[in-house]
Structure formats: C-alpha cells, structure tokens
Amino acid sequence: MAEVGAPRSIQQELERVSADDSDELVIDRDRQDDREWWVLGRTAACLEAAGERFPPLAQKLPPPGPDFLVWWERGAPAFHLEVTEALTPNRKRTEEYRQ
C-alpha cells in the first residue's frame with residue numbers, strides 16, 4: 001500500500017471484510033490490511049457496546065508508522081492506532097493454521 005486515501009467509515013470497512021470468507025481472511029498473507037480493518041472495526045464495536053465512544057472514521061497509513069489515523073470527523077483527527085497481535089508464550093500460530 002503506497003498511497004494514503006481519505007478517511008473511511010470503520011463500520012463500512014468492517015462490513016466489507018466480514019462479508020468475505022473468514023478462513024481466507026486469517027490465512028492469506030495478502031489480506032493483512034483487511035485483517036487490520038477487521039480488528040479495528042471489532043474493537044470499535046466492542047467499545048461502543050460497552051458504552052464508550054469511538055471515532056467512526058479511519059485512514060489506513062503506510063508502513064513503517066502506525067496502521068491507522070482515526071478520526072472523529074473529516075478534518076478532526078483523534079489519534080494514531082497500531083494493530084498488533086500478542087501471543088501467549090510458546091504458542092505457534094502457523095502450526096495451528098496447518099491443523
């Protein structure tokens with residue numbers, strides 16, 4: 001991903017990536033951006049379900065910086081956000097996928 005686009009609706013991006021085959025979303029290395037949109041969307045949905053406000057827009061940023069710039073509205077950026085995976089010690093995710 002080389003070009004930074006305009007902020008997009010987090011909810012719409014979650015709906016877009018959720019409509020796809022979930023196994024392929026997890027396994028396909030070319031779908032990293034989609035996985036990050038899914039994590040951002042699910043995080044926003046969980047926080048809102050808990051009564052917390054979360055900005056509705058996000059802009060996917062190129063590496064090596066944070067994954068997203070999250071916005072309350074166009075012209076009002078809120079914060080940068082990095083999606084990362086924390087594994088328990090000795091967990092081998094690749095072996096789990098193969099099984």
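Which residue stands opposite Phe-68 in strand 3? In this predicted model, the residue that stands opposite Phe-68 of strand 3 is Lys-60, and the legends below begin with the whole chain before turning to the sheet, the helices and single residues.

**Figure 1. Overview of the protein chain in the predicted model.**
The protein chain is built from four helices and four strands, and read from the N terminus on, its elements follow the order β-α-α-α-β-β-β-α. Along its principal axes, the C-alpha trace covers about 45 × 35 × 30 Å. The chain has 99 residues, of which 27% count as buried. When contacts between residues at least 6 apart in sequence are considered, 41% of them join residues at least 24 apart.

**Figure 2. The open sheet of four strands.**
The four strands are arranged in the order 1-2-3-4, and their pairing is antiparallel. Strand 1, residues 8-9, and strand 4, residues 76-81, stand at the edges with a single partner strand each, so that one side of each is left without a neighbour in the sheet. Helix 3, which comprises residues 32-49, lies across strand 1, strand 2, strand 3 and strand 4, and runs at about 155° to strand 2.

**Figure 3. Pairing of strand 3 with strand 2 and with strand 4.**
Strand 2 and strand 3 run antiparallel and are joined by four bridges, while five bridges join strand 3, residues 68-73, to strand 4, again with the strands running antiparallel. Phe-68 can be followed in both directions: Lys-60 stands opposite Phe-68, and in strand 4 the bridge partner of Phe-68 is Leu-81. Further pairs between strand 3 and strand 4 can be picked out in this view, with Trp-71 standing opposite Pro-77 of strand 4 and Glu-73 having Ala-76 of strand 4 as its bridge partner.

**Figure 4. Two loops beside strand 3.**
The hairpin of strand 3 and strand 4 has two residues between the strands, and within this hairpin Gly-75 takes a positive phi near 90°. The loop between strand 2 and strand 3 holds Pro-64, and the peptide bond that joins Pro-63 and Pro-64 is cis, with an omega of about 10°. As background to this view, most peptide bonds are trans.

**Figure 5. The crossing of helix 1 and helix 3.**
The axes of helix 1, residues 10-18, and helix 3 come within 8 Å and cross at roughly 125°, and the two helices are therefore oblique to each other. Their crossing is left-handed. On the side of helix 1, the contact is made by Ile-10, Glu-13, Leu-14, Arg-16, Val-17 and Ser-18, and on the side of helix 3 by Asp-34, Trp-37, Trp-38, Leu-40, Gly-41, Arg-42 and Ala-44. Sorted by class, the residues of this contact are seven nonpolar, two polar and four charged.

**Figure 6. Asp-33 and Arg-35 in helix 3.**
Asp-33 is found in helix 3 and is partly exposed, with a relative accessible area of 29%. Although Asp-33 and Phe-68 are 35 residues apart along the chain, their C-alpha atoms are separated by 10 Å. Arg-35 also lies in helix 3 and is likewise partly exposed, its relative accessible area being 25%. If residues up to four places away in sequence are not counted, Arg-35 touches Leu-25, Val-26, Asp-28 and Arg-29. From Arg-35 to Pro-77, the distance in space is 22 Å, C-alpha to C-alpha, and the separation in sequence is 42 residues.

**Figure 7. Asn-90 in the loop between strand 4 and helix 4.**
What sign does phi take at Asn-90? Asn-90 has a positive phi of about 70°, although Asn-90 is not a glycine, and this may be read against the general rule that most residues other than glycine have a negative phi. The loop that holds Asn-90 runs between strand 4 and helix 4, residues 93-98. With a relative accessibility of 73%, Asn-90 counts as exposed, because the cut-off for that class is over 50%.

Note on methods
Residues are numbered from 1 along each chain as its sequence is written. This is a predicted model: local features need pLDDT of at least 70, side-chain atom pairs count only at pLDDT 80 or more; totals for chains, interfaces and linings use all residues. Side-chain values use heavy atoms; hydrogens and water are left out. Two strands pair if DSSP finds at least two bridges between them. Contact means heavy atoms within 4.5 Å. Axes are lines fitted to C-alpha atoms, for helices over the stretch in contact, and angles run from 0 to 180 degrees between N-to-C directions. Angles under 35 degrees count as roughly parallel, over 145 as roughly antiparallel, 65 to 115 as roughly perpendicular and the rest as oblique. A crossing is left-handed if the near helix is turned anticlockwise from the far one by less than a right angle, and right-handed if clockwise. Ala, Val, Leu, Ile, Met, Phe, Trp, Tyr, Cys and Pro count as nonpolar, Asp, Glu, Lys and Arg as charged, and the others, Gly among them, as polar. Buried means under 20% relative accessible area, exposed over 50%, partly exposed in between (1.4 Å probe, protein chains only).
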